[in-house]
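This report describes selected features of the structure shown below. It treats one strand and its neighbours, then a further sheet, the nonpolar core and the ligand shell.

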Amino acid sequence: MTVFANTQQAQQSFWHPMAHPASVRQSAVTRIVSGEGVYVTDDKGQRMVDGVAGLWNVNLGHNRPEIKAAIMHQLDELAYYQSFDGVSHPRVEELSARLSAMLAPEQMARVMLSSGGSDAVETALKVSRQYWKLVGEPERTRFISLRQGYHGTHFGGTSINGSLVFRRNYEPLLPGCIQIDAPWPYRNPWNAGGEELGALCAAQLEREILAQGPDTVAAFIAEPVQGAGGVIVPPANFWPLVRAVCDKYGVLLIADEVVTGFGRSGNMFGCRGWGVSPDIICLAKGITSGYIPLGATLVNQRIAGAFEQNGNFTGALMHGYTYSGHPVACAAALVCLDLVEREQIPANAAKQGDYLLQALKPFEQKFAAVGEVRGKGLMLALDLVSDKASREPVDPMDGFANQIARVARAHGAMVRPVGTKIILSPPLTIQLPELDILVNALDTAFSQTAPVR
Ligand code: PMP
């Protein structure tokens, strides 16, 4: 085998997603070579608490023998088979039944599998369009989403993403995608908070549906807690009010639970935390704890029923991926779901998340650059500001967040700089001693790093 690692050629060939090639070349790459439990180790031997669980996904921790064994067993039995058009295999059926059972309170009737979050969102958007054609309202094609929302990288997801930075390079995008203000207590046009803010944002959704014409709106899609956009926790009344607005105008409600699914926000599912049943739910990441790519899109009976029809439009789902229900991914998911339930992962996320939030809150007083520390369960963000009073964010180009992350890593905490925020999303199995390592490393990083003025 030719070993290129660390050579210039390897660095030139590997195209880093979500980064400028030149800036990656200039900075020292953090090269992770192994993982064990909630720790990862880089190629220089530095051991760090994985404060981001890979990419919000290694929820059960690294190197779990149960997950590896399930994968190996499935490889022996059947490494791959398709699931198109009347063909299937046991694992895809078992996983689909298992997911519908887990989401029985939300009355999810049918499961369509794919390879990740972007696939799951794309499926949700296409299924929504097809649903409206099937029920005789083909004009309903528009999608409304939230600013700061993140829904992946396919053209549909890119079109509904709430941050310009993800859309601009790829325009023109899908027509009829509209973003409204997110219920963001720290920064919103009304300077409102709590239930007042939740009501204002839900009213904005209603106004937008009316402005577009209710008979043109297919669906509203949002994350129960916005993740990549900066861990934005909506007021408790927002989702119930959104459900009511959607019901009033017949609009489908899609919950993008790619991050929040399987315990991250402290509830098994994010929408359950708000007491709301969506029409469609998108899942990925924690479903296999990141060991193998897998995505899932679940629909309720309202939608599943419509697909039984055959009129001008067919109820055949002319959408599917070679890896829809990959047997090895399904086997990994089945054991992960067992572990999530057996180890009461959502309860641990809620408990440890509360501790982490309380431990980091004093940073708001202690450090000039920390405007707000917020979160729910084990998804947290430190919002970095150049001016506390005006809440003006730091300049994303000045490298301050990157510098914080670099110092934190040197002190044993893998954290993620995202624009003007530091994101924390450790494995949901984390316990107190490792939370303290994260807090202390960040304390050192903020103490040693002067904000650029
Ligand atoms: N939806 C949400 C809410 C996400 O956070 C992400 C990825 N972080 C995606 C969709 C896309 O998932 P993937 O990267 O697996 O395609």
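In this predicted model, strand S8 (residues 252-256) is largely enclosed by the rest of the structure, because five of its five residues are buried. A residue counts as buried here if 20 or more other C-beta atoms lie within 10 Å of its own. In a regular strand, side chains alternate between the two faces of the sheet. Both faces of S8 are covered: Leu252, Ile254 and Asp256 are buried on one side, and Leu253 and Ala255 are buried on the other.

Strand S8 pairs with strand S7 (residues 217-222), to which it runs parallel with four bridges. Within this pair, Phe220 has Leu253 in S8 as its bridge partner. S7 and S8 also belong, together with helix H10 (residues 238-249), to a right-handed β-α-β unit. Strand S9 (residues 280-283) is likewise a parallel partner of S8, through three bridges; there, Ile281 in S9 stands opposite Ala255.

A further sheet is open and has four strands in the order S1-S2-S3-S14, with mixed pairing. Its edge strands, S1 (32-36) and S14 (413-414), each pair on one side only. Strands S2 (residues 39-42) and S3 (residues 47-50) run antiparallel and are joined by three bridges. Tyr39 has Val49 in S3 as its bridge partner.

The strand pairs described above are collected here.

| Strand pair | Sense | Bridges |
|---|---|---|
| S7 and S8 | parallel | four |
| S8 and S9 | parallel | three |
| S2 and S3 | antiparallel | three |

Which residues have the most contacts inside the largest nonpolar core? They are Phe220, Val242, Ala332 and Ala413, in a core of 126 residues. Helix H13 (residues 327-342) supplies the largest share of this core, with ten residues. Domain 1 (14-64 + 344-448) and domain 2 (68-342) both contribute residues to the core, which therefore lies between them. Phe220 thus appears in two settings: as the bridge partner of Leu253 and among the residues with the most contacts inside the core.

The ligand is surrounded by 14 residues, of which Gly116, Gly117, Ser118, Gly152 and Val258 come nearest. Helix H6 (residues 117-134) gives the largest share of this shell, three residues. By character, the shell around the ligand divides into six nonpolar, six polar and two charged residues.

Methods
Residues are numbered from 1 along each chain as its sequence is written. This is a predicted model: local features need pLDDT of at least 70, side-chain atom pairs count only at pLDDT 80 or more; totals for chains, interfaces and linings use all residues. A residue is near a molecule or strand if its C-beta atom, placed from the backbone, lies within 6 Å of it. Ala, Val, Leu, Ile, Met, Phe, Trp, Tyr, Cys and Pro count as nonpolar, Asp, Glu, Lys and Arg as charged, and the others, Gly among them, as polar. Two strands pair if DSSP finds at least two bridges between them. A residue is buried if 20 or more other C-beta atoms lie within 10 Å of its own, exposed if 12 or fewer, and partly exposed in between; C-beta atoms are placed from the backbone. A crossover is right-handed if, with the strands pointing away from the viewer, the path from the first strand over the helix to the second runs clockwise. A nonpolar core is a set of buried Ala, Val, Leu, Ile, Met, Phe, Trp, Tyr and Cys residues joined through C-beta atoms within 7 Å. Domain bounds come from an automatic or database domain assignment.
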